[in-house]
Amino acid sequence: MERVHQQAIALVQGHRDVQDWSVRTVRRRSFELYLVRDAVESRRTVETVRAIAEVHRDLRGPGGEPQRGFSSLTLLPEDGLSAARAKLDQALFAAELAANPPYTLPGPAPYPEVEVWDPALTEHPQEVLEDLAGQMLAQLAREPHAGPSSAEFSIHLTETHLTNSQGVEARAQDAELFAELVILSAGGGDESEFYAALRRRALKDLDLPAEVARFAALARDSLGAKPPPTRRGPVVVSGQALVDLLAYLRHASSGAMKYQHLTRWELGQPVYGSHPLQGDPLTLVADATLPWGVGTVPFDEDGVPGQRTLLVEGGICRQFWADDRYAQYLGLPATGAFGNLCLPAGTVPLADLLGEGPLFHIVSFASMDPDPITGEFVGEIRLGYDVRDGTARPFKGGALSGDMESALAQVRFSRELAFLGHYHGPVAARFGELAVGGD
Amino acid sequence: MRQGQDGVDWGALKAHLPDIVAEMERHVPYASILVTSSEGLTLRINHRERQVEPADPRQGAVLTAWCGDHMEEWATTALDPDRLWREAREFLRSVRVAPGGLQVDPGEPLVAEFATPVQIDPRTVPLRDKFAQCQEEHARLAALDRRVLNAEVRLLESRERKLFANRYRLLSQEISRIRYFLLLVVHEGGETAYHWHTRDGTGGLEIARVSEEKVAELRDVAVALLRAERVEPGYYDCVASPSVAGTIAHEAFGHGVEMDMFLKGRARAAQYVGKQVASPLVSILDDPTVEGAYGSYFVDDEGHLAQPTYIIRQGIFERGLTDLYSATHLGVVRTANGRREAFTHKVYPRMSNTYFARGETPVEAIIQSVDRGIYLDHLSSGMEDPKNWGLQVTAHLGREIVGGKFTGRLFSPVGITGYVPDVLQSISMVGDDFALSGGWCGKGHKEWVPVSDGGPHFRFRARLG
């Protein structure tokens, strides 16, 4: 790893056509285990090393105005000198074409101590994977009307070394656990499944037997469930389904999107557009320092320190998150990597959010991907509950639709919090009125 | 030593891989090696910035050992033959073989090389010329309308070279892909809308051309979307464009018949082999041999030669798509659908080019037949649900039809959901046109491979929301 890192630096440093440069070398080792039902389908070991060098050239525009262009090249350990030089020549020519307004690279800065390397994962990763598989199967053996369909477990160990022409010299290592589970249930002549994907940095943050028990219960709830009635009204969205819906916030608050004129958010303005606030005012934090957060990093790809940034307060946009270049273009402080999506606790207990029916409670989407530009969304519901008259009847199918601006203007957040890998915030949210299309 | 432009000594690898496989098979019942190398470029120009970025050179090898009941794999960036030998020996030390076990069919002996035919090889066109084309295209888009807020042109070119070796086969292929993407974002009266157009395929830069007519259509639709409404949830008579038709084929009867799902108990389709699942007007195929299609290839990543597969023939479900593992465990004939996102990723049964077969009804007649319904166009996204056999497709655009004519009313976005057999059995008219469009397919939310889908227009009934 060090050899290719130094090779990349030697290639770009001092080159007459390179005014600024950075080299980021990444070594990644992955250990993977795949199960079909209760049998091993595959075991895999993967190791890669690559050095990504960025070259930045100062240029002049047609009217003599200063410009800067950049491009990159990726060096592999097997690249000889001639291959490396050929890649550099192409990158320099590309940088000359890709002329943009000028900017500078970040310099050295103190980096936060972050918790992203769990020895419980890293010391014997293959054994950890086998143990997790065993835990899953053991729990499912205890679950009525539930069994394994498939599972994928992997541990990824990453080392990063970053050096740039402004004096940045930074190293980091992180570990990530990924688990994808599909639980089957059968009964009453019907079959169902529940799919879940989990990412964690610390083994202690994954109580796999408890998660498997929860997923098995959700799979059982799906048995015999039919599409919901079509209805506009209150909708509670919880857990990963809520995280999927709130992913829009990362795009809307992005400096890159702001620079491209692709977000409607404005500094100092409400994030609800023309919709009057009828719920909890939104507070949004991008936190790259959250302990054991999947998005946690000590520095971003340019060397900007990881930090905790208040983006929205009381429904008002206070800041865009941006890397160093977009921050300079927008005249804003560089915030570095987005990190983890964090919201403070709401004021309403979950039981109260669910108490005033009739309403729909959605716990899983097949796919929910709000449009990053317009905020419109439509997503099929994998599992939800029709809550009325004191009962919660499971349903599956149908689609939730709406737009994020009006939805955020009428949301109440739960008092209870959840940590879901790259999210820390209310476990549920109630939207005053959304449309569910069903039968 | 003869090296490719990617710095890989393919000649040396061809000489060594069969011997490394033979050494591996002294320890395991079956072994194979796949070497991959990719290169490419993305040019991106919009109102605010320009980017010229090389593609990630996914260069490495994956050694596969079949151990009787499961696979063991070792993926490495080492492509120097000496180092590959050392890594193979180290890999074999960790492999555990199950006694007995299933036998893998290595295929008939074959040594062959394949390459995508191209008219304009991107490597022969100077980067400056490609950049100039994108700049001119961007200028054309920017001048289309005073309401244009941003316009973006993206040219993606990629070349992927693969070498597969097992006991009897040494197969290499070079696939060239192009994707040319135009995005128009318009703004008026506080509303923002956008539309896009894509041209893609396997081939050369001859693909990266968009007609004036298509550019004008791009503008007209983007502006019209400023006043798009939300469709009232409910059941509708629908006409699917080839883009939407293809996604229905892909999500409903593509993912649903990837036969790892059969092994995992996740595919309701497994109960319907040989049974009527669609209107007799419906045939669906998966075919990696379609010339020029974005998802095409010559050999899958497990050394199986590409061939078409009839999934549904005249409404009857015939068979699914396999990789080596699923075919071996299910005891079925393999199809050429074992694919990886990269050498760092596992193989799964994956689609290639998946489409409805052409019918006989003129498209105008299909639209005229609808008394009240929605024309669905321009796929936005889709997601599979093989267990419930549910369908979820989002169309970017819906046009109202009343009395067989478009009313001018637009809806966006439009979610299409339903139970797959109901949707397919409701197909009552199939068009005599045909088109494919390319994109990237994930298994869930990961494992991305290039594919295409499409077909003709058809009339059907579905729940929209």
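Does Cys238(B) count as buried or exposed, and what is its relative accessibility?

## Cys238(B) and its surroundings

In this predicted model, Cys238(B) has a relative accessibility of 0% and therefore counts as buried, the cut-off being under 20%. The residue belongs to strand E9 of chain B, which spans residues 234–240.

Beyond its neighbours within four places in sequence, Cys238(B) makes contact with Ile374(B), Leu376(B), Phe458(B), Arg459(B), Phe460(B), Ala462(B) and Leu464(B). Between Cys238(B) and Val186(B), the sequence separation is 52 residues and the C-alpha to C-alpha distance is 28 Å.

## Helix packing between chains A and B

Two packed helices are described by the distance between their axes and by the angle the axes make. For helix H2 of chain A (residues 81–97) and helix H3 of chain B (residues 127–142), the axes come within 11 Å and cross at roughly 30°. Angles under 35 degrees count as roughly parallel, and H2(A) and H3(B) are therefore roughly parallel to each other. Their crossing is right-handed.

On the H2(A) side, the contact involves Phe93(A), Ala94(A), Glu96(A) and Leu97(A); on the H3(B) side, it involves Leu127(B), Arg128(B) and Phe131(B). Of the residues in this contact, five are nonpolar, two are charged and none is polar.

## Helix H6 of chain A

Helix H6 of chain A covers residues 239–246, and six of its eight residues are buried, so the helix is largely enclosed by the rest of the structure. The buried residues in H6(A) are Gly239(A), Ala241(A), Leu242(A), Val243(A), Leu245(A) and Leu246(A).

Key
Residues numbered from 1 in each chain as written. Chains lettered and ligands numbered in written order. Predicted model: local features only at pLDDT ≥ 70, side-chain atom pairs only at ≥ 80, totals over all residues. Heavy atoms only, no water. Axes fitted to C-alpha atoms, helices over the stretch in contact; angles between N-to-C directions. Helix = DSSP H or I, 4+ residues; strand = E, 2+ residues; numbered from the N terminus. Parallel < 35°, antiparallel > 145°, perpendicular 65-115°, else oblique. Left-handed = near helix turned anticlockwise from the far one by under 90°. Contact = heavy atoms within 4.5 Å. Nonpolar A, V, L, I, M, F, W, Y, C, P; charged D, E, K, R; others polar. Buried < 20%, exposed > 50% of the residue type's maximum accessible area, 1.4 Å probe, protein only.
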